[in-house]
Amino acid sequence: MCEIRRIPQGNAPMKILNFLLAFSPRSVCFSRVWRSPPVNDARLCLYVDAQFTSPYAMSVFVVLREKGVEFDLIPVDLDAGENHTLEYAHLSLTQRVPTLQQDDFALSESSAITEYLEDSFPDIPVYPEGLRQRAKARQIQAWLRSDLGQLRQERSTLVVFYGHKAPQLTDLAQEATRKLIHAARTLLADGREYVFGEWSIADVDLALMLNRLVLNGDAVPALLVQYAQRQWQRPSVQSWVNLQRPPL
Ligand SMILES: N[C@@H](CCC(=O)N[C@@H](CS)C(=O)NCC(=O)O)C(=O)O
């Protein structure tokens with residue numbers, strides 16, 4: 001269902017050459033550097049960070065898995081600046097991951113991508129039903145991506161995906177933590193399993209943010225720990241968690 005395609009490794013000049021070829025305008029999802037061309041040009045390609053630690057990339061990955069859509073997963077080495085090459089800029093307006101490519105269409109910004117996927121593959125929904133519920137789900141996604149910056153900084157996703165332990169939170173990060181816990185408690189006040197009654201992608205985004213604390217051993221109310229752990233067991237989430245990561 002999901003195949004990982006990697007840029008062939010070689011010496012530095014070869015690596016650069018391969019990368020340039022890979023992103024040439026006529027290439028479709030690295031088809032020029034891979035021995036076998038894609039069977040179907042419309043096959044989806046998802047560009048993610050090479051360490052598989054991007055929470056935004058994870059969100060899109062989970063949506064694709066939930067919807068049962070076939071796609072290729074293409075790691076981009078952010079540390080090596082692969083996302084700032086002209087070729088990647090040609091593909092991704094933001095020069096960031098995740099970016100989704102489908103033939104000559106490319107889209108960045110994770111929640112724009114998940115909404116596009118929802119519209120493209122509506123049979124298995126990942127957003128709640130109803131205008132207002134969907135708007136609330138988008139609200140959660142947008143908030144988690146734009147706020148709580150200090151918490152995201154002090155509890156990076158290396159804690160979540162590499163088991164790093166981070167030092168005590170600063171006052172600013174504690175403030176952000178209080179805000180997160182207040183919002184999560186409000187959303188899950190009656191002990192419900194999912195924010196909108198049934199699972200949605202907003203649950204994964206919220207659980208990821210909570211797990212920055214939970215997996216570091218920070219104090220989090222038991223109800224929210226259980227919630228985050230429950231979301232983490234979902235097979236689509238586990239398939240991201242269990243991707244083989246390069247050593248740091
Ligand atoms: N709002 C964006 C955030 C994407 C983002 O921050 N991606 C990071 C990795 S987690 C990235 O590509 N960083 C490389 C850079 O900005 O140069 C989204 O939701 O997709």
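This tour moves through a predicted model, from the whole chain to the sheet, the helices packed on it, the ligand shell and a few individual residues.

**Whole protein**

Begin with the complete protein in a cartoon view. It contains 11 helices and 5 strands. Colouring by burial would mark 38% of the 248 residues as buried. Among contacts between residues at least 6 apart in sequence, 65% join residues at least 24 apart.

**The sheet**

Next, select the strands. The 5 strands form an open sheet with mixed pairing, in the order E1-E3-E2-E4-E5. At the edges are strand E1 (2–4) and strand E5 (105–108), each of which pairs on one side only. From one strand to the next, the twist averages 25°.

Now restrict the selection to E4, residues 99–102, and its two partners. E4 is joined to E5 by 4 bridges, and the two run antiparallel. E2 and E4 also run antiparallel, joined by 4 bridges. In the pairing of E2 with E4, Tyr 47 stands opposite Thr 99 of E4.

Which residue of E5 is the bridge partner of Gln 101? It is Ala 106. Gln 102 has Phe 105 of E5 as its bridge partner. The hairpin of E4 and E5 has 2 residues between the strands, and within this hairpin Asp 103 takes a positive phi near 40°.

Keep Gln 101 selected. This residue lies in strand E4. Is Gln 101 buried or exposed? Gln 101 counts as buried because it has 22 C-beta neighbours inside 10 Å, and 20 or more are required. Add Ala 42 to the view: Gln 101 and Ala 42 are 59 residues apart in sequence, yet their C-alpha atoms are 8.8 Å apart in space.

**Helices H2 and H4**

Display helix H2 (residues 55–67) and helix H4 (residues 110–120) together. Their axes come within 9 Å and cross at roughly 10°. H2 and H4 are therefore roughly parallel to each other, since the crossing angle is under 35 degrees.

To see the contact, show the side chains of Tyr 56, Ser 59, Val 60, Val 63, Leu 64 and Lys 67 on H2, with Ser 110, Ile 113, Thr 114 and Leu 117 on H4. The residues of this contact divide into 6 nonpolar, 3 polar and 1 charged.

**The ligand shell**

Select the ligand and the residues around it. These are Asp 49, Ser 54, Tyr 56, Leu 78, Asn 83, Arg 96, Val 97, Pro 98, Glu 109, Ser 110, Ser 111 and Arg 145. By class, the shell divides into 4 nonpolar, 4 polar and 4 charged residues. Tyr 56 and Ser 110, listed in this shell, also take part in the contact of H2 with H4.

Two members of the shell, Val 97 and Pro 98, deserve a view of the backbone. The peptide bond from Val 97 to Pro 98 is cis, with omega near 0°. Pro 98 is placed in the loop between helix H3 (86–91) and E4.

Move next to Glu 109, another residue of the shell. Glu 109 is found in the loop between E5 and H4. Although Glu 109 is not a glycine, its phi is positive, at about 75°. With 19 other C-beta atoms within 10 Å, Glu 109 is partly exposed.

**Phe 52**

Centre the view on Phe 52, in the loop between E2 and H2. What is the sign of phi at Phe 52? The phi is positive, about 55°, although the residue is not a glycine. Phe 52 has 22 other C-beta atoms within 10 Å and is therefore buried.

**Glu 175**

Finish on helix H8 (residues 171–187), where Glu 175 lies. Glu 175 counts as partly exposed, with 14 C-beta neighbours inside 10 Å. Draw a distance from Glu 175 to Leu 148: the two are 27 residues apart along the chain, and their C-alpha atoms are separated by 8.7 Å.

Note on methods. Residues numbered from 1 in each chain as written. Predicted model: local features only at pLDDT ≥ 70, side-chain atom pairs only at ≥ 80, totals over all residues. Pairing = 2+ DSSP bridges. Axes fitted to C-alpha atoms, helices over the stretch in contact; angles between N-to-C directions. Parallel < 35°, antiparallel > 145°, perpendicular 65-115°, else oblique. Contact = placed C-beta atoms within 7 Å. Nonpolar A, V, L, I, M, F, W, Y, C, P; charged D, E, K, R; others polar. Near = placed C-beta within 6 Å. Buried ≥ 20, exposed ≤ 12 C-beta atoms within 10 Å, placed from the backbone.
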